[in-house]
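Me: I have a new structure open and would like to learn how to read its features. Could you guide me through them, one by one?

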Amino acid sequence: MNVDVLLGLQWGDEGKGKIVDVLTPKYDVIARFQGGPNAGHTIEFNGSKHVLHTIPSGIFHKSKINIIGNGVVIDPLIFENEANELKLSGAPVEKNILISKKAHIILPTHRLIDAASETAKGKAKIGSTLKGIGPAYTDKVSRTGIRIGDIQNSSFKEKYKQLKQLHLSLIKDFYKFDVSIFLIDKLSFEEYEKRWFKAIDYIKKFNLIDGEYYINTCLEKQISILAEGAQGSMLDIDFGTYPFVTSSNTICAGACIGLGVSPNKIGEVIGIFKAYCTRVGSGPFPTELLDETGELLREKGHEFGSTTGRPRRCGWIDLPALKYAIMLNGVTKLVMMKADVLNDFDIIKVCTHYIQDGKKIENVPFNMNIEDFTPSYVEFNGWKKNLEGITKKNDMPSALKKYIAFLEKELKVPIDFISTGPDRTQTITQ
Ligand code: GDP
Ligand code: IMO
Ligand code: MG
C-alpha cells in the first residue's frame, strides 16, 4: 500500500479541504504533514461551513483516523479551540485524532516573534498569518524547539521557561518590541499563556503516537492513507517565491519528511488548482489583476482568507507556475476548483508564458518580479452558464470542456474532478 498525497499547486487556498473531505470515504486515514494553524481548510455540507486549521479534513467522517504528523507545528490553544468547535458539530475529535510526538509546538512567544519580525520588516513584510509558524520552524531547525512528546516529561516546564526567556530577550533587546501592549488573538500575553498551558493538558488526553511507526504499520496492513498538504507549492520554503513563502516544504517531498514515509511509498499525487489564481499576503504574483476583473474574481469567488479574513489578491491562471508545481510534485491527477466563479465571464485568460527583454520564458524565473517580465495570455470564451447540478463531464458546457481540454494538453496530466461550488456535492467526478 502507498500513501496518496493531495496538495495545492498555487499559493494556497485552492480548495484542498473540500476535496480531502470528498475523497475521505475512499481512505482509512487522513494525515496532515506540514504547516500549522496558518492553514484554513474549508468544508461545507448540509448547509454548514467548517474551517479547519490544524485538524485534518477527514474529521467529519466518523470512522476515519486523522493524524497530525511530525512535520506539523501545533499551537495547543488554537488546536483546543478548534477541537471544541468540532465537538459541537458532533465530530469524533478525541477518539479519531492521533498526534505525532515529534510534531513541534508553537509557543506564545513564537507568536510574539512573528509579530515583532513582521513589524520590523515594515513594507517588506511577508504578510504572515502571525500564527508563529516561521519562529516555530526556526527553533526546530535550530534544535531548540519543544515537541509534543516533551509535554509528557517532567522537564517540560523548565524547557518552556528557558525557551521563553530566549525568545523574550530577542523580542525586547533585538526587536525592541513592546510585549505589554500587544494582544494575541485579543488576549494579553499572560492570559494567552495561561490558556495555552491548559490546552497542553488537554492535548495529553489524546493518543500521542510515534507517527512514523504508526503510518508504516498501516501501509503493511493495507490500510489506506491520504496525506493532506497545507498552503501551496508556490509558498514552499525551497521552491516558492522566496522570501515570500511559508516556512515548510509544502511540496510532495514534504509528505515523506512530515510523516516518515519513504519516497518509494508515495502513490497518487493529487494536485489542486483554481480555474484562476489567488494569493494572500505579499510577494510576486505575475498574473495578478489590479483592475475591475480582479475585483470581480474576488467578489464572485468570495476570496477572503479563511484564517485571517484578508482579501485575497486575484488573477488569471499561470501555466508556467502550474507546470513548475506539477514537475516538483510529480502530480498524477489534477483537480480544478471554483469553475463556477467564472460562470459569468465573457472572456477567460490563461497565461501560457512570460516575455522578458523580448524573449519567451516558459520557466519560473529566479525572481518572479512582475517589473522584470510580462505574462503572455491566450483568451477563451466563457461558458456563460450556471454549472449548478452538473455532475458529469459530458454535461459540461462546451466552452468549459474546451478550457479543460486546453489545460490538460498543456499540463500533460488529466483533470479528474472539477469543482463547481463549495459544497461536498458540487463536484463533477465522472
Ligand atoms: P484550502 O485552504 O485549500 O482548503 O482552501 P480554503 O478553504 O482556504 O479556500 C477555498 C474557498 O473556496 C473556501 O471558502 C471553499 O468553501 C470555497 N470553495 C471550494 N471549492 C469551491 C468551488 O468549486 N466553488 C466555489 N465557489 N467555492 C469553492
Ligand atoms: P492553506 O493551507 C494561503 C501565506 C501567508 C503569507 C505567507 C507566510 O489554507 O492553503 P505564514 O503564516 O506561514 O508565516 O505566512 O504564506 N499563507 C497562506 N496563504 N493559504 C494558506 O494556507 C497559507 N498559509 C500561509 O498569507 O503570505
Ligand atoms: Mg485556506
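Reply: Happy to. Let us begin with the lining of a closed space: Leu 9, Gln 10, Trp 11, Met 234, Cys 277, Asp 318, Ala 321 and Leu 322 line the largest cavity. Keep in mind that this is a predicted model.

Me: What volume does the largest cavity have, and how does its lining divide by class?

Reply: The volume is about 30 Å³. The lining of this cavity has six nonpolar, one polar and one charged residues. A search of the whole structure finds one cavity of 30 Å³ or more.

Me: How should I read a pocket, and which ligand sits in the second largest one?

Reply: A pocket is an open set of grid points, whereas a cavity is a set from which the probe cannot get out. Here, ligand 1 sits in the second largest pocket. That pocket has a volume of about 570 Å³. It is lined by 27 residues, and those closest to its centre are Thr 42, Glu 44, Gly 301, Lys 338 and Pro 422. Three elements, α1, β3 and β4 (48-52), each give two or more residues to this lining. By class, the lining of the second largest pocket has five nonpolar, eleven polar and eleven charged residues.

Me: Which residues come nearest to ligand 1?

Reply: There are 20 residues around ligand 1, and Lys 16, Thr 42, Ser 306, Asp 340 and Ser 419 come nearest. By class, this shell holds three nonpolar, nine polar and eight charged residues.

Me: What polar contacts should I look for at ligand 1?

Reply: Look for pairs of N or O atoms within 3.5 Å. A backbone N or O atom of Lys 16 is 2.7 Å from an oxygen atom of ligand 1. For Lys 338, a polar side-chain atom lies 2.9 Å from a ligand 1 oxygen. Gly 421 brings a backbone N or O atom to 3.0 Å from an oxygen atom of ligand 1. On its own, ligand 1 has 580 Å² of accessible area, and the protein covers 94% of that. Two elements, α1 (16-23) and β3 (41-45), give two or more residues to the shell around ligand 1.

Me: Now for ligand 2: how many residues surround it, and which are the closest?

Reply: Ligand 2 is surrounded by 20 residues, and the closest are Asp 13, Lys 16, His 41, Thr 129 and Thr 246. The shell around ligand 2 divides into seven nonpolar, ten polar and three charged residues.

Me: How far are the side chains of Lys 16, His 41 and Thr 246 from the oxygen atoms of ligand 2?

Reply: A polar side-chain atom of Lys 16 lies 2.7 Å from an oxygen atom of ligand 2. His 41 also has a polar side-chain atom 2.7 Å from a ligand 2 oxygen. For Thr 246, a side-chain N or O atom is 2.6 Å from an oxygen atom of ligand 2. The protein covers 97% of the 550 Å² of accessible area that ligand 2 has on its own.

Me: What should I look for in the backbone itself?

Reply: Most residues other than glycine have a negative phi, and most peptide bonds are trans. In this model, a cis peptide bond joins Tyr 242 and Pro 243, with omega about 5°. Pro 243 is in the loop between β10 (225-228) and α9 (253-259).

Me: And where is Asp 185, and what is its phi?

Reply: Asp 185 is in the loop between α6 (156-174) and α7 (189-203). Its phi is positive, about 45°, although Asp 185 is not a glycine.

Technical notes. Residues are numbered from 1 along each chain as its sequence is written. Chains are lettered from A and ligands numbered from 1 in the order in which they are written. This is a predicted model: local features need pLDDT of at least 70, side-chain atom pairs count only at pLDDT 80 or more; totals for chains, interfaces and linings use all residues. Side-chain values use heavy atoms; hydrogens and water are left out. A residue is near a molecule or strand if one of its heavy atoms lies within 4 Å of it. A polar contact is a pair of N or O atoms within 3.5 Å; within protein, one must be able to donate a hydrogen and the other to accept it, and residues adjacent in sequence count only if both atoms are side-chain atoms. Accessible areas come from the Shrake-Rupley method with a 1.4 Å probe; for residues, only the protein chains shown count as cover. On a 1 Å grid over the protein atoms alone, a cavity is a set of points where a 1.4 Å probe fits but cannot get out, and a pocket is an open set with protein on both sides within 12 Å along at least five of seven lines; lining residues have an atom within 4 Å of a point. A molecule sits in a cavity or pocket if more than half of its atoms lie within 2 Å of its grid points. Helices (H or I, at least four residues) and strands (E, at least two) are DSSP runs, numbered from the N terminus. Ala, Val, Leu, Ile, Met, Phe, Trp, Tyr, Cys and Pro count as nonpolar, Asp, Glu, Lys and Arg as charged, and the others, Gly among them, as polar. Grid points are joined across faces, edges and corners, and a volume is the space filled by probe spheres set on the points.
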